[in-house]
Amino acid sequence: MTSLAEWQQRFAEALRAPDAADSGPSRQQGFAVYRNNVRQSLIEALAATFPHTRTLLGERFFTSVANDYARHHLPDEPRLIRYGYRFADILDSLPAMADYPYVIDICRLERARLDVSHAAAAPPLDAERLARAHDPDALQCKPCPASHHLIGRHDVLDLWQALERGEAGAPVGARGQWHWLLVRHGRRVDIQPVTPTCGALYHALEARPALGEALAACSQRHGQTETGEALGTLIGLGALMRLHDEEAPS
């Protein structure tokens with residue numbers, strides 16, 4: 001007797017391989033229709049997640065890539081809003097995209113914005129709270145769930161803003177390493193360019209919640225002045241949350 005796990009595995013394989021010889025679940029009447037409906041729903045989910053990417057690639061090319069992605073990558077969970085985590089990586093691996101790396105940056109920004117927009121809310125750490133801490137170095141903090149640091153290969157913010165306005169496009173900025181911080185404020189997700197030091201401190205606080213340890217680790221590479229400025233930027237953008245701290249007696 002086939003176990004449930006084995007049957008589920010065969011079912012998933014049948015969804016991925018429409019050209020395979022009929023066997024198992026694919027023999028069932030109507031399975032091909034079901035498979036096509038699943039594939040179409042996944043393509044539509046990708047189109048909803050990456051509208052700017054679709055605009056830049058064109059409907060035909062985007063649908064072709066999305067169809068191939070949906071064939072080989074079924075959802076890992078029932079929420080389609082989280083579908084497509086690997087889409088930018090797959091797009092980046094295509095030889096046809098070698099001359100258009102800025103499209104990958106737009107694709108990653110779209111994925112990050114969606115994730116940030118649906119992340120849990122948390123009260124941000126503010127400068128006043130930091131000033132009241134009895135021992136600032138011992139203060140425990142980390143990046144807010146509704147924030148994300150992203151590194152791109154082109155300056156695409158002008159292009160992004162044009163796409164947001166529904167315009168045809170804008171000149172793509174210079175190549176290089178560009179750092180952006182996405183932070184949700186209310187229902188709005190803001191995208192801000194930040195320094196590499198700011199990105200480094202952001203990730204240092206992910207690994208070391210003690211503020212003093214994270215600042216020391218970041219300062220070793222970027223210097224105390226730049227690290228201090230980066231902390232001010234992260235606090236000013238509302239990108240950090242307090243875990244717990246000790247405040248000075250009032």
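Reader: Is C144 buried or exposed here?
Author: In this predicted model, C144 counts as buried, because its relative accessibility is 7%, which falls under the 20% cut-off for that class.

Reader: And what about C198, buried or exposed?
Author: C198 also counts as buried, with a relative accessibility of 1%.

Reader: How many disulfides does a search of the whole structure find?
Author: The search, which covers the whole structure, finds zero disulfides. C144, for instance, is in no disulfide, and the nearest cysteine sulfur, which belongs to C141, lies 9.6 Å away.

Reader: Why is there no bond between C198 and C218?
Author: C218 holds the cysteine sulfur closest to that of C198, but the two are 8.9 Å apart, which is too far for a bond, since a disulfide requires the sulfur atoms to be within 2.5 Å.

Reader: Switching to helices, how do α10 and α11 cross?
Author: The axes of α10, residues 211-222, and α11, residues 224-236, come within 8 Å of each other and cross at roughly 130°. The two helices are therefore described as oblique to each other, and the crossing in which α10 passes α11 is right-handed.

Reader: Which residues meet there?
Author: From α10 the residues are L211, L215, C218, S219 and H222, and these meet Q224, E226, T227 and L231 of α11. C218, named earlier as holding the sulfur closest to that of C198, is thus one of the α10 residues in this contact.

Reader: What is the mix by class?
Author: The contact of α10 with α11 has four nonpolar residues, four polar residues and one charged residue.

Definitions and conventions
Residues are numbered from 1 along each chain as its sequence is written. This is a predicted model: local features need pLDDT of at least 70, side-chain atom pairs count only at pLDDT 80 or more; totals for chains, interfaces and linings use all residues. Side-chain values use heavy atoms; hydrogens and water are left out. Buried means under 20% relative accessible area, exposed over 50%, partly exposed in between (1.4 Å probe, protein chains only). Axes are lines fitted to C-alpha atoms, for helices over the stretch in contact, and angles run from 0 to 180 degrees between N-to-C directions. Helices (H or I, at least four residues) and strands (E, at least two) are DSSP runs, numbered from the N terminus. Angles under 35 degrees count as roughly parallel, over 145 as roughly antiparallel, 65 to 115 as roughly perpendicular and the rest as oblique. A crossing is left-handed if the near helix is turned anticlockwise from the far one by less than a right angle, and right-handed if clockwise. Contact means heavy atoms within 4.5 Å. Ala, Val, Leu, Ile, Met, Phe, Trp, Tyr, Cys and Pro count as nonpolar, Asp, Glu, Lys and Arg as charged, and the others, Gly among them, as polar.
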